[in-house]
Amino acid sequence: MIRVTENLRQVQARLQNAARVAGREASEIRLIAVSKRHPAAAVRAAAAAGQRDFGENFVAEGVAKIRDLGMPGLTWHYIGAIQSNKTRDIAAAFDWVHTIDRAKIARRLNDQRPDTLPPLEVCLQVNIDDEPQKAGVAPGAAAELAEVVAGLPRLSLRGLMCLPRPAGTVEAQRRPFAALRALFESLRDAHPGLDTLSMGMSDDLEAAVLEGATMVRVGTAIFGPRA
Ligand SMILES: *Cc1c(COP(=O)(O)O)cnc(C)c1O
């Protein structure tokens with residue numbers, strides 16, 4: 001419990017430092033604590049330390065955790081792969097989805113978002129390095145998918161997300177983030193409401209902040225290694 005609190009402070013300090021170096025306000029950057037494969041008690045400890053945004057990768061685990069915690073005031077982000085048969089549970093349990101990469105999934109989430117909830121906040125996951133077999137829409141197809149998502153009334157298109165391959169230096173880490181940002185800027189002509197760049201994790205959050213991240217998704221640096 002003390003450990004999570006301390007780790008959170010450290011990550012916040014890293015974000016503040018990175019924001020200063022980038023000439024940005026730390027308040028522009030939202031920290032998502034990725035609690036996948038950590039118990040509800042870890043989320044409780046982070047929430048007690050003031051953390052409000054949490055990310056989950058696995059539908060059954062995330063839905064159970066959200067239900068078991070039953071804590072109002074938390075915002076839940078789905079950041080994992082999406083299978084068609086899981087969209088109903090995602091649409092009912094989460095506030096944000098960062099990993100939309102095809103129209104079929106977007107339409108299902110739109111149709112299944114309960115009327116009692118506000119529109120689902122969504123980002124498109126972009127396969128920014130165009131890696132074969134990797135999740136995400138190809139950069140060249142992102143504009144078309146954004147058009148589809150923007151036309152769905154129960155989804156609110158907020159931005160782009162990427163999960164680049166790990167790189168050894170900050171310079172190498174920055175390249176895919178810069179590419180995502182350039183794509184984001186180009187989409188903003190048609191979609192001026194876009195305001196979210198979800199990029200950066202435990203090992204590369206500084207590079208992401210330098211390239212304009214507005215949300216970073218951090219697991220290990222807050223909760224420790226996963227089981
Ligand atoms: C697991 C995961 C994270 C967090 O990764 P860490 O390296 O533990 O910070 C962020 N984003 C996605 C999509 C993930 O799957």
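Author: Before we start, some bookkeeping: Ala, Val, Leu, Ile, Met, Phe, Trp, Tyr, Cys and Pro count as nonpolar, Asp, Glu, Lys and Arg as charged, and the others, Gly among them, as polar. Keep in mind, too, that this is a predicted model.

Reader: Okay, let me try that on the second largest cavity. How does its lining split by class?

Author: Its lining has five nonpolar, one polar and two charged residues. The residues in question are Pro 164, Arg 165, Pro 166, Ala 167, Gln 173, Pro 176, Phe 177 and Asp 204. They surround about 40 Å³ of space.

Reader: How many cavities of 30 Å³ or more does the structure hold?

Author: Two. The largest cavity also comes out at about 40 Å³. Its lining includes the run Gln 125, Val 126, Asn 127, Ile 128 and Asp 129, and Leu 163 and Pro 164 are there as well. By class you get five nonpolar, two polar and three charged residues.

Reader: Now the open sites. Which pocket does the ligand take up?

Author: A molecule sits in a pocket if more than half of its atoms lie within 2 Å of the pocket's grid points. Here, the ligand occupies the largest pocket, which has a volume of about 470 Å³. There are 26 lining residues, with Lys 36, Leu 163, Met 201, Arg 217 and Arg 226 nearest the centre. The class count for this lining is eleven nonpolar, eight polar and seven charged.

Reader: And which residues come nearest to the ligand itself?

Author: The shell around the ligand has 13 residues, and Lys 36, Asn 57, Ser 202, Gly 219 and Thr 220 come nearest. That shell breaks down into six nonpolar, four polar and three charged.

Reader: Which polar atoms should I look at in Lys 36, Gly 219 and Thr 220?

Author: Look for N or O pairs within 3.5 Å. Lys 36 puts a polar side-chain atom 2.7 Å from a ligand oxygen, and Thr 220 does so at 2.5 Å, again from its side chain. With Gly 219 it's a polar backbone atom, 2.8 Å from an oxygen of the ligand. As for cover, the ligand alone exposes 390 Å², and the protein buries 90% of that.

Reader: What's the volume of the second largest pocket, and what lines it?

Author: It has a volume of about 170 Å³. Of its 13 lining residues, Arg 24, Arg 181, Leu 197, Gly 212 and Thr 214 are closest to the centre. Helices H7 (170–187) and H8 (205–210) each give two or more residues, and H7 gives the most, with three. The split is five nonpolar, two polar and six charged.

Methods:
Residues are numbered from 1 along each chain as its sequence is written. This is a predicted model: local features need pLDDT of at least 70, side-chain atom pairs count only at pLDDT 80 or more; totals for chains, interfaces and linings use all residues. Side-chain values use heavy atoms; hydrogens and water are left out. A residue is near a molecule or strand if one of its heavy atoms lies within 4 Å of it. A polar contact is a pair of N or O atoms within 3.5 Å; within protein, one must be able to donate a hydrogen and the other to accept it, and residues adjacent in sequence count only if both atoms are side-chain atoms. Accessible areas come from the Shrake-Rupley method with a 1.4 Å probe; for residues, only the protein chains shown count as cover. On a 1 Å grid over the protein atoms alone, a cavity is a set of points where a 1.4 Å probe fits but cannot get out, and a pocket is an open set with protein on both sides within 12 Å along at least five of seven lines; lining residues have an atom within 4 Å of a point. Grid points are joined across faces, edges and corners, and a volume is the space filled by probe spheres set on the points. Helices (H or I, at least four residues) and strands (E, at least two) are DSSP runs, numbered from the N terminus.
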